[in-house]
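Biologist: I am new to this structure and would like a close look at its salt bridges. Could you take me through them, and through the parts of the chain around them?

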Amino acid sequence: MLPLIKFVAYVIDLYIWIVISGAILSWLVAFNVVNTNNRFVLSIADMLYRLTEPALRPIRSILPNLGGIDISPVILILLLLFVRDVVLLGWLAPAVIPSA
């Protein structure tokens with residue numbers, strides 16, 4: 001059971017990096033640093049959007065409108081860190097490790 005918990009923690013870590021890279025790419029597109037007319041940039045942006053949008057959409061529907069500021073990636077990262085550190089590594093991992 002412990003290897004499964006570690007695997008889920010690694011998947012959560014990977015998804016956190018995907019959310020961070022999606023947020024950075026959206027900033028780069030918004031400030032015209034990268035051009036979405038480039039097919040490679042467009043495919044990367046589309047992939048990151050499709051991976052992160054299902055998790056960010058419910059958070060955006062709950063948050064009030066803050067103008068041009070989107071803090072939903074920060075909220076999602078904090079929730080993922082809570083699940084990884086508190087739920088998986090704080091509650092489940094000590095429960096499955098046999099005590100001596």
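Modeller: Happily; here is a walk from the overall fold to the salt bridges and then to a few residues around them.

Please keep in mind that this is a predicted model. The protein chain has 3 helices and 0 strands, and along the sequence the pattern reads α-α-α. Its radius of gyration is 17 Å, well over the 13 Å that the globule rule gives for 100 residues, so the chain is more spread out than a compact globule. Along the principal axes, the C-alpha atoms fill a box of roughly 60 × 35 × 20 Å. Of the 100 residues, 24% count as buried. The chain exposes about 7300 Å², and carbon and sulfur atoms supply 72% of that area.

Even so, distant stretches of sequence do meet. Among contacts with a separation of 6 or more, 61% are between residues 24 or more positions apart. One of the salt bridges is a good example of such a meeting, as you will see.

Now to the part you asked about. A search of the whole structure finds 6 salt bridges. Let us begin with Asp13 and Arg84, whose side chains meet with an N to O distance of 2.3 Å. This pair links distant parts of the chain: Asp13 belongs to helix 1 (residues 2–30) and Arg84 to helix 3 (residues 72–96), 71 residues apart. How buried or exposed are the two partners? Asp13 is partly exposed, with a relative accessible area of 24%. Arg84 has a relative accessible area of 17%, and it counts as buried because that value is under 20%. Leaving aside neighbours within four places in sequence, Arg84 is in contact with Ala9, Ile12 and Leu89 as well as with Asp13.

Helix 2 (residues 39–62) offers another kind of pairing, between residues of one helix. Arg50 forms a salt bridge with Asp46, and their closest N and O atoms are 2.9 Å apart. Why can you look for both partners in one short stretch? They are 4 residues apart in helix 2, so about one helical turn separates them. Arg50 is exposed, with a relative accessible area of 61%, while Asp46 is partly exposed at 34%.

A similar spacing appears at Arg57 and Glu53. Their side chains meet in a salt bridge at 4.0 Å, N to O. These two residues are also 4 residues apart in helix 2, so again about one helical turn lies between them. Glu53 has 10% relative accessibility and counts as buried. The pair does not stand alone: Glu53, Arg57, Arg60 and Asp70 are linked in a network of salt bridges.

It also helps to see how the charges are spread over the whole chain. There are 6 positive and 5 negative charges, and the mean positions of the two groups are 5 Å apart.

Next, a look at some residues beyond the charged pairs. Thr52 is placed in helix 2, and at 7% relative accessibility it counts as buried. Not counting residues up to four places away in sequence, Thr52 touches Tyr15, Ile18 and Val19. Those three partners fall within the residue range 2–30 given for helix 1.

Val19 turns up again when we move to Pro73, a residue of helix 3. Pro73 has 13% relative accessibility and counts as buried. Setting aside neighbours within four places in sequence, Pro73 is in contact with Val19, Ala23 and Leu56. Pro73 and Val19 are 54 residues apart in sequence, yet their C-alpha atoms are 6.5 Å apart in space.

Where, by contrast, do we find residues that are well separated in space? Take Leu42, which is placed in helix 2 and is partly exposed, with a relative accessible area of 40%. Leu42 and Leu92 are 50 residues apart along the chain, and their C-alpha atoms are separated by 40 Å.

To gather the thread, you can return to the view with two kinds of salt bridge in mind. Asp13 and Arg84 link helix 1 to helix 3, whereas Arg50 and Asp46 are about one helical turn apart in helix 2. From there, the network of Glu53, Arg57, Arg60 and Asp70 is a good place to carry on looking.

Terms used: Residues are numbered from 1 along each chain as its sequence is written. This is a predicted model: local features need pLDDT of at least 70, side-chain atom pairs count only at pLDDT 80 or more; totals for chains, interfaces and linings use all residues. Side-chain values use heavy atoms; hydrogens and water are left out. Buried means under 20% relative accessible area, exposed over 50%, partly exposed in between (1.4 Å probe, protein chains only). The radius of gyration is taken over C-alpha atoms; the globule rule is 2.2 Å times the number of residues to the power 0.38. Contact means heavy atoms within 4.5 Å. Accessible areas come from the Shrake-Rupley method with a 1.4 Å probe; for residues, only the protein chains shown count as cover. Lys and Arg count as positive and Asp and Glu as negative; His and the chain ends are not counted. The place of a charge is taken as NZ of Lys, CZ of Arg, CG of Asp or CD of Glu.
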